Amino acid sequence: MQFFVSPAEAAAVGTPVTLTAALPHDPAIAGLVEFFAGPQSLGQTAIASGKASVTTTLPLGHYTFHATFTGNSQYVETPSALIPYIITPGPPRRRASNKP
């Protein structure tokens with residue numbers, strides 16, 4: 001299973017982050033992929049056209065994302081690689097100037 005996160009490597013607080021698992025195109029691959037940020041489940045999504053995705057926003061912090069294909073009658077449960085990720089503070093806000 002291939003596993004991707006977009007945007008790659010880091011995002012600012014409030015930015016949607018999409019996790020995608022891509023499985024080989026085989027009609028027998030049906031089922032669910034569960035996505036995680038560390039031990040916290042971000043949800044399960046059904047595989048469609050060989051892919052499953054979830055989009056989320058997370059608070060400031062360091063995360064390790066991974067996904068698990070839950071398996072079916074023909075394929076065993078399969079974990080993805082781990083992807084380290086950082087949610088950073090948003091862009092700095094400008095202060096209003098008292099100067100005319």
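**View A. Glutamate 9 in the loop between β1 and β2.** In this predicted model, glutamate 9 sits in the stretch linking β1 to β2. Its phi is positive, about 70°, even though the residue is not a glycine. That's worth a look, since most residues other than glycine have a negative phi. Is glutamate 9 buried or exposed? It counts as exposed, because its relative accessibility is 65% and the cut-off for exposed is over 50%.

**View B. The cis peptide bond between serine 6 and proline 7.** Stay in the loop between β1 and β2, and you'll find proline 7 there too. The bond joining serine 6 to proline 7 is cis, with omega at about -5°. For context, most peptide bonds are trans.

**View C. Strand β1 and its two faces.** Which side chains of β1 (residues 2-6) point to the buried face? Phe3 and Val5 do, while Gln2, Phe4 and Ser6 point the other way and are not buried. It's the usual pattern: in a regular strand the side chains alternate between the two faces of the sheet.

**View D. β1 alongside β3.** Here β1 runs antiparallel to β3 (residues 17-22), and five bridges join the pair. Glutamine 2 stands opposite alanine 22 in β3, so to speak face to face across the pairing.

**View E. Serine 49 in the loop between β5 and β6.** Moving on to the loop that links β5 (40-46) with β6 (51-56), we get to serine 49. Serine 49 isn't a glycine, yet its phi is positive at about 55°. With 65% relative accessibility, serine 49 counts as exposed.

Methods. Residues are numbered from 1 along each chain as its sequence is written. This is a predicted model: local features need pLDDT of at least 70, side-chain atom pairs count only at pLDDT 80 or more; totals for chains, interfaces and linings use all residues. Side-chain values use heavy atoms; hydrogens and water are left out. Buried means under 20% relative accessible area, exposed over 50%, partly exposed in between (1.4 Å probe, protein chains only). Helices (H or I, at least four residues) and strands (E, at least two) are DSSP runs, numbered from the N terminus. Two strands pair if DSSP finds at least two bridges between them.
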